[in-house]
Amino acid sequence: MPEIIVEGGRRLQGEVQIQGSKNAVLPVLAAAVLPKGETVLTHVPAIDDVAVSLEILTALGVSVSFSGGRLTLCADSLDGIEVPEELGSRMRSSILFLGSLLGRQKEARAAFPGGCAIGNRPVGLHLSVLRQLGAEIFFEKNCLCGRAERFTGGTVVLPSPSVGATEQALLAAVSAAGETLLCGAAREPEVRSSASS
C-alpha cells in the first residue's frame with residue numbers, strides 16, 4: 001500500500017477491542033514454569049509468539065489450555081530442561097526460559113533465540129545477569145546451556161538498560177536465596193506490567 005488517506009471532520013464513535021500486550025505476556029509465560037500448580041491468564045493475545053511459547057511450555061511438560069483469550073497452565077508435571085531448537089529459533093523471547101528453568105530445574109538448555117527482524121540483538125546481557133546470580137553458563141554446539149544449584153541474591157548490574165535482560169534478572173531472582181538489587185534496570189511499561197502480573 002503506497003499511501004493512506006485520512007479524511008477528518010467526522011465524529012468518531014464505536015467500540016474497539018484492544019488485545020493484550022505481547023511484550024507483557026511473553027515473560028509471564030516464561031515465569032509460568034517457576035511455580036507448581038495452576039496459573040491462569042486472561043486477555044492473552046492469540047499471536048504467533050504466544051503460540052510458540054505455548055509449544056515450548058508443552059515440550060517442557062506443562063499442561064496448556066487456551067480458549068477465548070483465557071490461558072490456563074499447570075507446571076506440576078514439568079520435567080524438561082530444554083527449549084527445542086526448532087521452537088527457540090523462531091522467537092527472540094525464548095531466551096527468557098533460561099532463567100526460569102535454571103530456577104526450577106537447576107539446569108537448562110536453549111538454542112540461540114531467533115525471530116528478530118530489526119537487526120543484531122546479542123544475548124550477552126541475559127547471560128551476564130544469570131552469571132551474576134550464580135549460574136554457570138556454557139556453550140555446546142549451537143546451544144546455550146546453564147547450571148545453577150541455587151541462585152544467590154546480590155547486586156546485579158546492567159551496563160545499559162535492557163528490557164529482556166531486566167526480565168531475565170527478575171525471573172532468576174525470584175528463586176534466588178536472599179535479596180537481589182538490580183542496578184540499571186529498564187523501566188518500560190512491559191517490564192512494570194510483567195513484574196506486577
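Student: Let's start with Asn 23: where is the place of this residue?

Tutor: Asn 23 sits in helix H1, which covers residues 22-31. Keep in mind that we're looking at a predicted model.

Student: What makes Asn 23 count as partly exposed?

Tutor: Buried means under 20% relative accessible area and exposed means over 50%, with partly exposed in between. Asn 23 comes out at 38%, so it counts as partly exposed.

Student: What separation do the C-alpha atoms of Asn 23 and Glu 190 have?

Tutor: Those C-alpha atoms are separated by 5.7 Å, and along the chain the two residues are 167 residues apart.

Student: Why is the pair Arg 90 and Glu 55 called a salt bridge?

Tutor: The rule asks for a side-chain nitrogen of Lys or Arg within 4 Å of a carboxyl oxygen of Asp or Glu. For Arg 90 and Glu 55 the closest N and O atoms are 3.9 Å apart, so the pair meets the cut-off.

Student: Which parts does the pair of Arg 90 and Glu 55 tie together?

Tutor: Arg 90 is in the loop between helix H3 (85-88) and helix H4 (97-105), while Glu 55 belongs to helix H2 (residues 48-60), so the pair ties together parts that are 35 residues apart in sequence. Arg 90 has 45% relative accessibility, so it counts as partly exposed. Glu 55, at 37%, counts as partly exposed too.

Student: How do you know that Glu 140 and Arg 109 form a salt bridge?

Tutor: Set the value against the rule again: their closest N and O atoms are 2.8 Å apart, and the cut-off is within 4 Å, so the pair qualifies. Glu 140 lies in strand E6 (residues 136-140) and Arg 109 in strand E5 (residues 107-111), so this pair ties together parts that are 31 residues apart in sequence.

Student: Are Glu 140 and Arg 109 buried or exposed?

Tutor: Neither: Glu 140 has a relative accessible area of 36%, which makes it partly exposed. Arg 109 is at 24%, and buried means under 20%, so Arg 109 is partly exposed as well.

Student: Which residues are linked with Arg 109 in a network of salt bridges?

Tutor: Glu 82 and Glu 140 are linked with Arg 109 in that network.

Student: What makes Arg 147 and Glu 136 a salt bridge?

Tutor: Their side chains meet at 3.5 Å, N to O, and that is within 4 Å, so the rule is satisfied. Arg 147 is in strand E7 (residues 143-147) and Glu 136 in strand E6, 11 residues apart. Arg 147 has a relative accessible area of 41% and is partly exposed, and Glu 136, at 43%, also counts as partly exposed.

Student: How many salt bridges does the rule give?

Tutor: The count comes to 6 salt bridges.

Student: Zooming out, how many helices and strands are in the chain?

Tutor: The chain has 7 helices and 9 strands.

Student: Why is the chain called as compact as a globular protein of that length?

Tutor: Its radius of gyration is 18 Å, and the globule rule gives 16 Å for 197 residues; the two are close, so the description applies.

Student: How much of the chain is buried?

Tutor: Buried residues make up 44% of the 197 residues.

Student: And how many positive and negative side chains are there?

Tutor: There are 17 positive and 20 negative ones, with the centres of the two sets 4 Å apart.

Notes:
Residues are numbered from 1 along each chain as its sequence is written. This is a predicted model: local features need pLDDT of at least 70, side-chain atom pairs count only at pLDDT 80 or more; totals for chains, interfaces and linings use all residues. Side-chain values use heavy atoms; hydrogens and water are left out. Helices (H or I, at least four residues) and strands (E, at least two) are DSSP runs, numbered from the N terminus. Buried means under 20% relative accessible area, exposed over 50%, partly exposed in between (1.4 Å probe, protein chains only). The radius of gyration is taken over C-alpha atoms; the globule rule is 2.2 Å times the number of residues to the power 0.38. Lys and Arg count as positive and Asp and Glu as negative; His and the chain ends are not counted. The place of a charge is taken as NZ of Lys, CZ of Arg, CG of Asp or CD of Glu.
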